[in-house]
Amino acid sequence: MRRTGTTRRGALTATGAIALGAVLAGCGGGSGRAGESERDGAPTTAEQVSAARAEKKIRADAARGSMELLGHYEQVIGAHPATAAALSPLRDAVRAHAGALAPGGKPLTPPQSRATGAKAAVEELAAAERRTSDARLAALLEAPPELARLLASTAAAGAAHAYLLTELAKETSS
């Protein structure tokens, strides 16, 4: 009997395809891009300032999401020490993402968890990873190429984390 449903290979393939598409979309070049003047194709000073502000806001939002997610990992590990071995590598990756987006940031305390058991806590963590990954994918549309590549990479990692956490939740007793 053939197993149906999502497999690790399928999830990782889909994540890689999403990240590759996002990176390729962020790498487009050529003339006539939005934000360039009609005269010579170079952005004006006002456009440069506007783009810098937009990038700063996108980066700050992504960093805040990472810091909240890092706080969520810390909260789950603190409340359920038996999950520490499985969650620590994922938490460390989230810490690295947060450092890439906002060096020197401190974990933010997420809202108090409603989960009482380890399984429910890991399921909430998987949902938080999905939300963070989705937010980064949405931000790709407005991000400049370099930041878009970083967001795509962290979104792909977040999607993989969500999958791994979902599988961990299945194996975790309440």
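## The enclosed cavity

By class, the lining of the largest cavity comprises 3 nonpolar, 5 polar and 2 charged residues. The model in which this cavity appears is a predicted one, and a search of the whole structure finds 1 cavity of 30 Å³ or more, the volume of the largest cavity being about 40 Å³. Its lining is made up of Ser66, Leu69, Val94, His97, Glu129, Arg136, Thr154, Ala157, Gly158 and His161. Two or more of these lining residues come from each of helix 2 (45-79), helix 3 (84-101), helix 4 (118-139) and helix 5 (145-171), and the element that gives the most is helix 5, with 4 residues.

## Glu129, a buried acid in the lining

Glu129 is among the residues that line the largest cavity, and it belongs to helix 4. Is Glu129 paired or unpaired in a salt bridge? Although Glu129 is buried, it has no salt bridge, and the nearest side chain of opposite charge, that of Arg136, is 6.0 Å away. Because a salt bridge requires a side-chain nitrogen of Lys or Arg within 4 Å of a carboxyl oxygen of Asp or Glu, the distance of 6.0 Å between Glu129 and Arg136 does not qualify. Arg136 also appears in the lining of the largest cavity.

When its neighbours within four places in sequence are left aside, Glu129 is in contact with Leu69, Tyr73, Val94, Gly158, His161, Ala162 and Leu165. Among the residues that line the largest cavity are Leu69, Val94, Gly158 and His161, each of which is also a contact of Glu129.

## The second largest pocket

The second largest pocket has a volume of about 460 Å³, and 21 residues line it, with Glu68, His72, Ala128, Arg131 and Thr132 lying nearest its centre. At least two residues of this lining come from helix 2 and at least two from helix 4, while helix 4 gives the most, with 8 residues. Sorted by class, the lining of the second largest pocket has 10 nonpolar, 5 polar and 6 charged residues.

## Salt bridges and their exposure

Side chains of opposite charge can pair when their charged atoms come close. In the whole structure, the search finds 7 salt bridges, one of which joins Asp61 to Lys57, with the closest N and O atoms 2.8 Å apart. Asp61 and Lys57 are separated by about one helical turn, because they are 4 residues apart in helix 2. With a relative accessible area of 32%, Asp61 is partly exposed, whereas Lys57, at 52%, is exposed.

In helix 5, Glu167 and Lys170 are 3 residues apart, about one turn of the helix, and they form a salt bridge in which the closest N and O atoms are 3.1 Å apart. Glu167 has a relative accessible area of 14% and is therefore buried, while Lys170, with a relative accessibility of 56%, counts as exposed. Elsewhere, Glu74, Arg91, Asp92 and Arg95 are joined into one network by salt bridges that share partners. Within this network, the side chains of Asp92 and Arg91 meet at 3.5 Å, N to O; Asp92 is partly exposed, with a relative accessible area of 38%, and Arg91 is buried, with a relative accessible area of 15%.

How values were computed:
Residues numbered from 1 in each chain as written. Predicted model: local features only at pLDDT ≥ 70, side-chain atom pairs only at ≥ 80, totals over all residues. Heavy atoms only, no water. 1 Å grid on protein atoms, 1.4 Å probe; cavity = no way out; pocket = protein on both sides within 12 Å on 5 of 7 lines; lining within 4 Å. Points joined across faces, edges and corners; volume = space filled by probe spheres on them. Nonpolar A, V, L, I, M, F, W, Y, C, P; charged D, E, K, R; others polar. Buried < 20%, exposed > 50% of the residue type's maximum accessible area, 1.4 Å probe, protein only. Lys, Arg positive; Asp, Glu negative; His and termini not counted. Contact = heavy atoms within 4.5 Å.
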